[in-house]
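Let's take a look at how a protein can hold on to a small molecule. Have the sequence and the 3D view ready as you read.

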Amino acid sequence: RNTPVTVAVTGGAGQIAYGLLFRIASGAMLGPDTPVRLRLLEIPAAVASLEGVAMELEDGAFPLLDSIDISDDPWVGFAGANVALLVGARPRTAGMERSDLLAANGPIFTEQGQAINASAADDVKVLVVGNPANTNAFIAMSNAPDVPAERFSAMTRLDHNRAIAQLAKKTGAPAADIARVTIWGNHSATQYPDVGHATIAGRPALELVDEAWLRDDFVPTVQQRGTAIIQARGASSAASAASAAIDHIHDWVLGTPEGDWTSMAVPSDGSYGVPEGLISSFPVTCADGGYTIVPDLSLDDFSRARLTATVAELEQERDAVVDLGFA
Ligand code: NAX
C-alpha cells in the first residue's frame, strides 16, 4: 500500500460526482495500491443530500477508501488536499448571459483558490470541471499565488475522449488504436479538436478520413456533443464527464502512455502563440507527476485560424473576470 492520498471534491452531491466518487474509491483514478481519503464539499443546502452519497460510499465497502469527510467550508475541505477536483459551480439558468455566469462563479473560485493556497498540501494538483472551466481555473490560480501555477488545470479530457470516439466510429478502429488527438483552447463550442497529428494503429489519421468529413462533420460534432447529450438525455453529460476527470488525474499522476499524449487545459507558457498564463487546452505528455506541452507541432492554416478563434474567446473571458476584480 502506498501512502494515502487526500482527494477533495466539490459539488459532491451533484450528478458528475455521483459517477466520479465511486470510481475514485475503487482505485480507478490513482491506481490499485493507493488508498484515498475523500473530502466532499457542498453548499449548505446540499449537505443533507451529500450525507446520503457518503452513506452509499460506505456501503461500497471499498478496500481503498480510508475515510470520508463532509464540509460546506472550503477552508476545511481543502486542508491537506493532494488532489482537488472542483466540480461544483453555479449553473447557467434561464436568462443568464455568459457574462452573468462568469460573475456568478467568480466569488466561488476566488474563495476556493484562496483556501487551496492557504491549506492544501504542497503537492496539490487542481482540476476544474465546473464551467466555465478554463476561466474558473484562471480565477482559482490567480488567487493562489503560493501554489505553482502549473498545478491548476481545467478539463478538456471529455472533449478529447469524444474526439477519439468519433474517429473510432468513423474508421471502425478500436479507441485503443487511436493516439495523438488534440483539443486546443477553451472547453466551449469554440474548442478545436485536431487530428492533424493523430494516428490510427500507427497510420496517420489524415490518410484514413477525408478533409471534408473532418471540417463539416467531425469538428462540429465534437464541439456540439455536450448539447446533443442534453437533447437526448434531458440532462448534461455526467458519467462521461466523471470518467474523463478520472482519466485526467490518472494520467497526470501516473503518466501518459509511451508514444501518445492527452489534452489538458493548463496555463500557457507562450507555446503556439497562446498568451502566457491563459488556461488553454494543449497536447501534453505526463511523467513523474508533471506534464509537458508537446512542442513544435506544425499547424496548417485551418488549424491556426481555429486556435486563434478559441484563444480570442479565452482572452475575452479573462478580461471580463479581471474587470470584475476576480483575478
Ligand atoms: P450538478 O448541478 O448536478 O452538481 C453541481 C453541484 O455543485 C451541486 O450539488 C451544487 O450544490 C454544488 N455546488 C455549487 N456551488 C458549490 C460550491 N461553491 N461549493 C461546493 N459545491 C457547490 O452539476 P453537474 O452535472 O455535476 O456538473 C458540474 C459542473 O461540471 C457544471 O458546471 C457543468 O457545467 C460542468 N461540466 C463540465 C464539463 C467539462 O468537460 N469541463 C463537462 C460536464 C459538465 O457540463
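What follows is a short tour of the ligand's surroundings, plus two backbone oddities.

First, some ground rules: this is a predicted model, where local features need pLDDT of at least 70 and side-chain atom pairs count only at pLDDT 80 or more, while totals for chains, interfaces and linings use all residues. Residues are numbered from 1 along each chain as its sequence is written, and side-chain values use heavy atoms, with hydrogens and water left out.

**Around the ligand**

The ligand sits in the largest pocket. A pocket here is an open set of points on a 1 Å grid over the protein atoms alone, where a 1.4 Å probe fits, with protein on both sides within 12 Å along at least five of seven lines; a molecule sits in one if more than half of its atoms lie within 2 Å of its grid points.

There are 23 residues around the ligand, and Gln15, Ile16, Glu42, Val129 and Asn131 come nearest. To be near, a residue needs a heavy atom within 4 Å. Domain 1 (5-154) and domain 2 (157-316) each give at least three residues to this shell, with bounds taken from an automatic or database domain assignment. Helix H1 (15-26) and helix H4 (98-119) each chip in at least two; helices are DSSP runs (H or I, at least four residues) and strands are too (E, at least two).

Here are some polar contacts, meaning pairs of N or O atoms within 3.5 Å:

| Protein atom | Ligand atom | Distance |
|---|---|---|
| Ile16, backbone N or O | oxygen | 2.9 Å |
| Met155, backbone N or O | nitrogen | 3.3 Å |
| His187, side-chain N or O | oxygen | 3.2 Å |

**Backbone oddities**

Which peptide bond is cis, with omega near -10 degrees? That's the one from Asn131 to Pro132. Pro132 lies in the loop between strand E5 (125-128) and helix H5 (133-142).

Arg180 isn't a glycine, yet has a positive phi of about 60 degrees. You'll find Arg180 in the loop between strand E7 (178-179) and strand E8 (182-184).

How values were computed: Polar contact = N/O pair within 3.5 Å; in protein donor to acceptor, adjacent residues only side chain to side chain. 1 Å grid on protein atoms, 1.4 Å probe; cavity = no way out; pocket = protein on both sides within 12 Å on 5 of 7 lines; lining within 4 Å.
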